[in-house]
Amino acid sequence: MDIEFFGAAGEVTGSCHILTVNKKRILLDCGMIQGGKKAEARNRDPFPFEASNIDAVVLSHAHIDHSGRLPLLVRRGFTGPIWTHNASQDLCHILLEDSARLGTQDVERKNRKRARQGKELLQPLYTSANAQAALRQIRGLRYREPKEIIPGITVTFKDAGHILGSCLVIIKATENEETRTIVFSGDLGQYNTPILQDPEPIAHADVVLMESTYGGRQHRDREQTIAELGEIIQEAKKTGGNIMIPAFAVGRSQELLYLFGRHFDEWQMDDWKIYLDSPMAIEATKIYWDHPHLYDEEATRLRKGSHDMPPLKNLTLSKSADDSRSINKQKSRCIILAGSGMCSGGRILHHLKHNIWKEKNHVLFVGYQSRGSLGRRLVEKRPYVRIHGDNIKVAAHIHTIGGLSAHGDENDLARWYSHFESRPPVYLVHGEKRSARKLKEKFKADFGAQVTLTDPGMKLDLITRKLTSKGVPL
Ligand SMILES: [Zn+2]
């Protein structure tokens, strides 16, 4: 019985780990590597396993850095079930289809140029048909309902509070009469986040695989964060510009709209036109609306008093490309939410190109910006950035609101771990090395926990807890 760390070991995207029990192989997530051309090219690399030899996939949540290579896995021969939460199943429909479409369009654009240059044409990573096939393999479960997915392997999901349907994955595996409980945090949300429930406590595990995105860092507290958002909106009103918010279609967009609705009068939101400029975010908002049983108390109360969620009368849903382009004519008093969240593609690029060279405008980052992404370069306040091949001056005000992140900070991660009674060993995944090291220090100091930073190719024997890397003991 072992687990091999593969993707998101030492980085924050491309989540994928391989659990082997009784010669059955289960993938935990199969995510896309994101954050710049070089990183993304690695998505095309062969997997370190035969796709057709994988027996099942357990998916923690729908975000593309956890689900994005499922169509590729299917394309390469995987035919088994993909287990996830019901709401994640719904969200995967929009996310995977969108990912296939973006990938195909990107290749078509490159191929037009390559054809002119007489170069060999590229193939998309996967097609819409591959995404459809993967979607047909998804099986939805509810929280807290154990399911034996393979004889000897039972999976139970609990709420991770990260996005709708996000799971803490509890795997109980038995081999040669030895049973081990492995807990995989997936992405862990913040406590007291809008709309969603808090991450659920878990009392027992033999081994914990845990994300470490915000190791060493603390978000501002919730009230301060919301006040900060209100202040930025006031400031932008004074400078008379637009506010662009690169937002992940699933999660951040819904929470921001929810906060705009909740503070509508206080922030004088009436003075603004709000655009949700993302067909995917529009679809995701509908899915959030359709799963009210997953809300926290406050969101449940707000939903009861309103026909629309969020209750925003000045919200325009921009579905078509023409709808999106028409926003460019608006020179002030617009709040534009568009993807992608790290500005690595999508409609936000057009809005940035039209707006960031003017000082009166504002860009508001509400999520993590990975190294190499355009979002990271803007956050680092580079004077110029490249968008669609053009060098653009950055004159707009750049704001970052860390407190709205979908990921818990260091204290949230520690709070969640504190519920484990026997202080099980922790293997850190999904974090840049610096963050993981900080979190390791904290867990050692606070809990005396045994914490290991993982690397791709590192393998953990779940019975003996011995670690090897490519066959060599560590
Ligand atoms: Zn996520």
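Is Asp446 buried, exposed or partly exposed? Asp446 is partly exposed, with a relative accessible area of 44%; here buried means under 20% relative accessible area, exposed over 50%, and partly exposed in between (1.4 Å probe, protein chains only). Before we look closer, please note that this is a predicted model, in which local features need pLDDT of at least 70, side-chain atom pairs count only at pLDDT 80 or more, and totals for chains, interfaces and linings use all residues. Residues are numbered from 1 along each chain as its sequence is written, and side-chain values use heavy atoms, with hydrogens and water left out.

**View 1. Asp446 and Lys442 form a salt bridge in helix 14.** A salt bridge is a side-chain nitrogen of Lys or Arg within 4 Å of a carboxyl oxygen of Asp or Glu. For Asp446 and Lys442, the closest N and O atoms are 2.9 Å apart. The two residues are four apart in helix 14 (residues 433-447), so about one helical turn separates them. Helices are DSSP runs (H or I, at least four residues), numbered from the N terminus. An α-helix has 3.6 residues a turn, so residues three or four places apart point the same way. Lys442 is buried, at 18% relative accessible area.

**View 2. Asn411 sits in helix 13 and touches Lys442.** Helix 13 covers residues 410-417. Besides Lys442, Asn411 touches Gln218, when residues up to four places away in sequence are not counted; contact means heavy atoms within 4.5 Å. Asn411 is partly exposed, at 34% relative accessibility. Now compare sequence with space: Asn411 and His219 are 192 residues apart in sequence, and their C-alpha atoms are 8.9 Å apart.

**View 3. Arg109 pairs with Asp106 in helix 4.** This salt bridge has its closest N and O atoms 3.2 Å apart. Arg109 and Asp106 are three residues apart in helix 4 (residues 86-116), which means about one helical turn lies between them. Asp106 is partly exposed, with a relative accessible area of 28%.

**View 4. Helix 4 packs against helix 8.** Two packed helices are described by the angle between their axes and the distance between the axes. Helix 4 and helix 8 (residues 279-290) meet at an angle of about 170°, with their axes 10 Å apart. Helix 4 is therefore roughly antiparallel to helix 8, a label for angles over 145 degrees. Axes are lines fitted to C-alpha atoms, for helices over the stretch in contact, and angles run from 0 to 180 degrees between N-to-C directions. Residues making the contact include Leu91 and Ile94 of helix 4 and Ala284 and Ile287 of helix 8.

**View 5. Four protein residues hold donor atoms for the zinc ion.** They are His61 (NE2), His63 (ND1), His162 (NE2) and Asp187 (OD), lying 2.1 to 2.4 Å from the zinc ion. Donors are N, O and S atoms within 2.8 Å of the metal (3.2 Å for Na, K and Ca); water is not among the atoms, so sites may look incomplete. The angles between the four donor atoms run from 90 to 165°, so the arrangement is irregular; four donors would count as tetrahedral if all angles lay between 85 and 135 degrees, or as square planar if opposite donors were over 155 degrees apart and all others between 65 and 115. Both His61 and His63 are buried.

Technical notes. Tetrahedral: all angles 85-135°; square planar, octahedral: opposite > 155°, others 65-115°. Parallel < 35°, antiparallel > 145°, perpendicular 65-115°, else oblique.
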